[in-house]
Amino acid sequence: MIRLSQPAVCAFVIVMKKAAHTRQTYHHGNLAETLIREAARLLAEKGVEGFSMREVARRAGVAVAAPSYHFGNAKGLLTAVAAHGFDQLATRQKAALASAEDPVEKVIALCRTYVDMGVRFPGCAAVMFRMDVLDDSDQRFREAAFRAFDLLHQAVAKAVPAETEAIRINHASKTLWATMHGLLTLDVIEDDETEEILCFSVRALLAGMQ
């Protein structure tokens, strides 16, 4: 039977406690979701330029290697944050569609949701269109982004004459998408102007397609 000295026993207990704490911390809840949430918070505070996998791990209370284990690298985690943002946007868009009856009002509601999403979730909004730091081949990201855009595209199609060419509907949808992004990100737009410009943009564009 091997007997350990008192100092050795103490050292062994300390190591085991640390290991147990690491295991408990590493496996708390859904770690992938926790890392995405903490990454979004960091992005909201410091932007893409201040993003760090190490800092995300520190905020989540896990090992430095944990983010890499789940997402591969910084691009993988940023892409997951962007996909989460598009998922959230699509969910809110569906609720917005249900809240309006008139086809034009439905488009306005969708555009309003886009701006509101960016205000409420600035961390996700910071990377959703930053293709320079995202993996655009990621399937979940592509599906989430398409789902959100398609809701707007379909709403625009229902707000214009049935004989409208598909290319014009696509251009109109992308124009509104870009306009809402500008309302969200351009500092020259005052907050109290946003709603008025949003409604004007949608109504003017759709009226021009009648």
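A cavity is a set of grid points where a 1.4 Å probe fits but cannot get out. In this predicted model, the structure holds 2 cavities of 30 Å³ or more.

The largest cavity has a volume of about 50 Å³. Its lining is made up of L89, Y114, M117, G118, A125, M128, F129, H181 and L184. Two elements, α6 (103–120) and α9 (166–185), give two or more residues to this lining. The largest contribution comes from α6, with 3 residues. In terms of residue class, the lining of the largest cavity contains 7 nonpolar and 2 polar residues, and no charged ones. Glycine counts as polar in this scheme, and G118 is one of the residues that line the largest cavity.

The second largest cavity encloses about 40 Å³ of space. The residues around the second largest cavity are Q93, L110, C111, Y114, L152, L176, W177 and M180. Here too, the elements that give two or more residues to the lining are α6 and α9. The lining of the second largest cavity has 7 nonpolar residues, 1 polar residue and no charged residues.

The two linings can be set side by side. Y114 is listed in the lining of the largest cavity and also in that of the second largest cavity. Charged residues are absent from the lining of the largest cavity, and the lining of the second largest cavity likewise has none.

Note on methods:
Residues are numbered from 1 along each chain as its sequence is written. This is a predicted model: local features need pLDDT of at least 70, side-chain atom pairs count only at pLDDT 80 or more; totals for chains, interfaces and linings use all residues. Side-chain values use heavy atoms; hydrogens and water are left out. On a 1 Å grid over the protein atoms alone, a cavity is a set of points where a 1.4 Å probe fits but cannot get out, and a pocket is an open set with protein on both sides within 12 Å along at least five of seven lines; lining residues have an atom within 4 Å of a point. Grid points are joined across faces, edges and corners, and a volume is the space filled by probe spheres set on the points. Helices (H or I, at least four residues) and strands (E, at least two) are DSSP runs, numbered from the N terminus.
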